[in-house]
Amino acid sequence: MEERGRAAGAATELRVRAVTGLKEIGAAAWDACATSPETLGAGDETHNPFVSHAFLSALEDSGCVSRRTGWLPLHVAVERGERTIGVAPCYLKTHSQGEYVFDHGWADAYERAGGSYYPKLQVSVPFTPVTGPRFLIAPGEDPDAAVAGIVAGLRALRAETEASSIHVTFMRAREWAQAGALGLLQRTDQQFHWENDGYATFEDFLGALASRKRKMIRRERRDALANGITIETLTGRDLTEAHWDAFFAFYSDTGARKWGRPYLNRRFFSLLSERMAQRVLLVLATRAGRPIAGAFNLIGDVALYGRNWGCIEDHPFLHFEVCYYQAIDFAIRHGLKRVEAGAQGEHKLARGYRPVLMHSAHDIADPALRRAVADYLKRERAHVEDAAGVLDTLTPFRRDHPPTERDA
């Protein structure tokens with residue numbers, strides 16, 4: 001697909017094309033867009049690991065995303081002459097698995113009405129319910145013009161592939177507003193994140209909690225290690241193939257029970273370790289010299305992102321220790337501002353995590369389906385906002401120590 005035209009506000013002709021792999025764009029051009037101030041905004045984040053060329057190419061090169069898995073890469077690139085001014089990680093999907101923003105009901109209704117919901121276009125990081133930039137803009141470019149070019153390219157690609165719809169998921173609030181202004185339907189959901197309110201130690205964090213919750217967490221941490229279990233945290237050069245062999249055994253067992261088959265294969269973890277080991281945190285639990293559980297995390301500039309967990313032995317509270325408490329401890333020790341521990345899970349609330357709104361945008365070709373989805377989303381947004389407000393009153397913090405507010 002190749003489109004030529006003028007995006008809103010653009011002074012010269014733009015070319016939009018879809019590429020079937022990151023190799024067609026290259027790491028330098030992609031990462032220049034992924035790390036620019038125009039993409040990341042005015043905050044103190046300079047690198048989001050999930051939209052890096054290293055992470056996304058590891059998914060492609062390992063075969064985790066491919067035509068066979070129903071995630072065919074069709075990344076959109078907007079170019080002016082020889083310069084890439086914007087890109088978006090995009091995939092042609094033949095199912096709705098591995099997305100964490102659920103549209104199965106939309107697909108079922110459309111299919112029952114005689115339509116074909118698949119294929120669809122998914123602008124996201126596969127298998128990753130983490131908020132981050134989705135419209136990546138080169139340094140010095142006009143963000144609105146570049147986003148308009150990307151959205152125009154996505155719509156042209158939707159028409160060419162005969163896709164039913166475009167779905168941009170786990171996007172930033174600014175991008176969400178830009179997408180809404182360009183006519184995409186807006187959706188919200190929620191997750192639970194932990195916020196670092198300047199704690200110096202884990203005990204400082206516990207001191208901000210109500211007495212009963214503080215005692216509960218101390219008991220859970222103690223009981224998690226009661227059967228002779230030890231915890232090891234590994235990153236960078238300390239990671240070995242033996243560690244990944246152990247973790248993949250946990251991940252495969254848990255993934256098979258949750259999804260039928262795990263989304264990530266063993267080669268992906270080796271490639272990730274080769275390309276960005278300094279951004280990886282692996283938490284391993286060992287008993288009697290044998291690894292029995294683990295959690296895979298990525299380290300951002302300002303946040304720790306918990307991604308995958310698995311175990312081959314069940315022990316009380318071990319999941320909370322490996323996934324939540326170790327993550328909080330690491331974030332405090334390394335001065336990170338928050339921990340994002342993945343999708344769903346109201347049980348996180350009692351452990352110091354609080355509700356945060358998530359954003360996605362959707363562009364649907366069929367007018368009748370679009371009207372039905374727009375009506376549904378209007379009611380859903382109100383429900384999500386009300387629910388988040390109620391849940392925010394149930395945090396475990398002392399009344400004189402409310403959690404820090406932040407813009408989701």
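Me: Rings of Phe, Tyr and Trp (its six-membered ring) pair if their centres lie within 6.5 Å, with planes under 30 degrees apart counting as stacked, over 60 as edge-to-face and the rest as tilted. How many aromatic pairs does this rule count?
Reply: This is a predicted model, with pLDDT of at least 70 needed for local features and 80 or more for side-chain atom pairs, while totals for chains, interfaces and linings use all residues. Residues are numbered from 1 along each chain, and side-chain values use heavy atoms, without hydrogens and water. For aromatic pairs, the count comes to 29.

Me: How far apart in the chain are F127 and Y263, the residues of one aromatic pair?
Reply: Their rings are stacked, with 5.0 Å from centre to centre and 10 degrees between the planes. F127 belongs to the loop between β7 (120–123) and β8 (136–137), and Y263 to the loop between α9 (241–259) and α10 (266–276). Helices (H or I, at least four residues) and strands (E, at least two) are DSSP runs here. The pair links distant parts of the chain, its two residues being separated by 136 residues.

Me: Which residue in the loop between β7 and β8 has a positive phi although it is not a glycine?
Reply: The phi in question is about 60 degrees. The residue sits in the loop between β7 and β8, and its ring pairs with that of Y263. It is F127.

Me: How far apart do the C-alpha centres of domain 1 and domain 2 lie?
Reply: Domain 1 is made of 14–190 + 357–394, and domain 2 covers 197–336; these bounds come from an automatic or database assignment. In contact (heavy atoms within 4.5 Å) are 25 residues of domain 1 and 19 residues of domain 2. The separation of the C-alpha centres is 28 Å.

Me: Which residue forms a salt bridge with D61?
Reply: A salt bridge needs a side-chain nitrogen of Lys or Arg within 4 Å of a carboxyl oxygen of Asp or Glu. For D61, the closest N and O atoms are 2.9 Å apart. The partner is R275.

Me: How many salt bridges does the structure hold?
Reply: One salt bridge is counted between domain 1 and domain 2. Another example joins E79 and R15 at 2.3 Å, N to O. That pair links strand β4 (residues 75–80), home of E79, to strand β2 (residues 14–19), home of R15, across 64 residues. The total for the structure is 26.

Me: Is the peptide bond from Y118 to P119 cis or trans?
Reply: P119 lies in the loop between α4 (104–112) and β7. Omega for the bond from Y118 is near 5 degrees, so to speak plainly, the bond is cis.
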